[in-house]
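Colleague: Before planning any bench work, I should like to go through this structure with you. May I put my questions one at a time?

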Amino acid sequence: MTSKNARRYAAWPAACALLALAGCAGQGSVEDRPAADAAEHFARAVGSDPSAACGLLAPQTRVKLEDEQGPCVQALPGSKVPHDAGSVREVKVYGKDAVAYLERDTVFLARFDDGWRVTAAGCTPNSGRPYDCDVEGS
């Protein structure tokens with residue numbers, strides 16, 4: 001993970017806490033459900049329909065993956081992103097960003113004009129440090 005991305009994902013816990021204190025966290029099920037649906041759809045598609053999973057990646061995330069590992073439909077299934085990450089246990093929406101905690105993965109998302117897109121996947125907590133994500137944008 002680049003230091004720029006490390007700082008970005010390191011800020012999530014602090015940002016979440018601040019938003020919770022400000023009363024802005026968790027916009028309710030109406031806001032959470034589309035992000036959760038996108039995360040689950042991505043998680044199911046990684047192993048079974050890589051083309052669909054690639055279509056759910058944010059543009060910068062897909063570009064970085066392809067620059068580093070080749071065509072998305074080949075690179076994504078070969079990554080460390082779980083092929084069956086399970087269902088969403090919890091999702092937190094903060095304006096145009098969200099984090100979805102699945103059974104076997106943590107997925108970061110951003111809201112685009114056409115819906116929620118995955119900005120990072122294959123993410124694991126790194127004991128007090130930023131998440132370590134196998135697939136992420138720049």
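The following exchange takes up the disulfides, the cores, the strands and one helix in turn.

Colleague: On what basis are the residues numbered and the values obtained?
Modeller: This is a predicted model, in which local features need pLDDT of at least 70 and side-chain atom pairs count only at pLDDT 80 or more, while totals for chains, interfaces and linings use all residues. Side-chain values use heavy atoms, with hydrogens and water left out, and residues are numbered from 1 along each chain as its sequence is written.

Colleague: How many disulfides does the count come to, and what pattern do they follow?
Modeller: A disulfide is here a pair of cysteine sulfur atoms within 2.5 Å. By this rule there are two disulfides. With bonded cysteines counted along the chain, the pattern is 1-2, 3-4.

Colleague: Is the disulfide of C54 and C72 left-handed or right-handed?
Modeller: The sulfur atoms of C54 and C72 are 2.0 Å apart. This pair links distant parts of the chain, with C54 in helix α3 and C72 in helix α5, 18 residues apart; helices are DSSP runs of H or I with at least four residues, strands are runs of E with at least two, and both are numbered from the N terminus. Both cysteines, C54 and C72, are buried, where buried means under 20% relative accessible area, exposed over 50% and partly exposed in between, with a 1.4 Å probe and protein chains only. The torsion about the S-S bond of C54 and C72 is about -100 degrees, so the disulfide is left-handed.

Colleague: Which strands hold C123 and C133?
Modeller: C123 and C133 form a disulfide with sulfur atoms 2.1 Å apart, and both residues are buried. The torsion about their S-S bond is about 115 degrees, so this disulfide is right-handed. The pair ties together parts ten residues apart in sequence, because C123 lies in strand β4 and C133 in strand β5.

Colleague: Which element gives the largest share of the largest nonpolar core?
Modeller: A nonpolar core is a set of buried Ala, Val, Leu, Ile, Met, Phe, Trp, Tyr and Cys residues joined through side-chain atoms within 4.5 Å. The largest one has 30 residues, of which F42, L76, L102 and L109 touch the most other members. Among the elements that give two or more residues to this core are α3 (50-55), α5 (72-78) and β1 (88-94). The largest share, eight residues, comes from α2.

Colleague: Which residues does the second, separate core include?
Modeller: In soluble globular proteins, nonpolar side chains tend to be buried together. The second core is separate and has seven residues. Included in this core are F108, C123, Y131 and C133.

Colleague: Why is the one aromatic pair called edge-to-face?
Modeller: Rings of Phe, Tyr and Trp (its six-membered ring) pair if their centres lie within 6.5 Å; planes under 30 degrees apart count as stacked, over 60 as edge-to-face and the rest as tilted. The structure holds one such pair. The ring centres of F108 and Y131 are 5.3 Å apart and the planes stand at 80 degrees, so the pair is edge-to-face.

Colleague: What stands opposite T124 in β5?
Modeller: Two strands pair if DSSP finds at least two bridges between them. β4 and β5 run antiparallel and are joined by five bridges. They form a hairpin with two residues between them, and S127 in the turn has a positive phi of about 25 degrees. Opposite T124 stands D132.

Colleague: Which residue of β4 stands opposite F112?
Modeller: β3 and β4 run antiparallel, with six bridges joining them. These two strands form a hairpin that has two residues between them. The residue opposite F112 is G115.

Colleague: What is the relative accessible area of A121?
Modeller: A121 lies in strand β4. Leaving aside neighbours within four places in sequence, A121 is in contact (heavy atoms within 4.5 Å) with residues including F42, V81 and C133. A121 is buried, and its relative accessible area is 0%.

Colleague: Which residues of helix α4 are exposed?
Modeller: The buried residues of α4 (residues 59-69) are T61, K64 and L65. They cover an arc of only 100 degrees around the axis, which puts them on the same side of α4; the arc is that of the directions from the helix axis to the C-beta atoms. On the other side of α4, the exposed residues are Q60 and D67.
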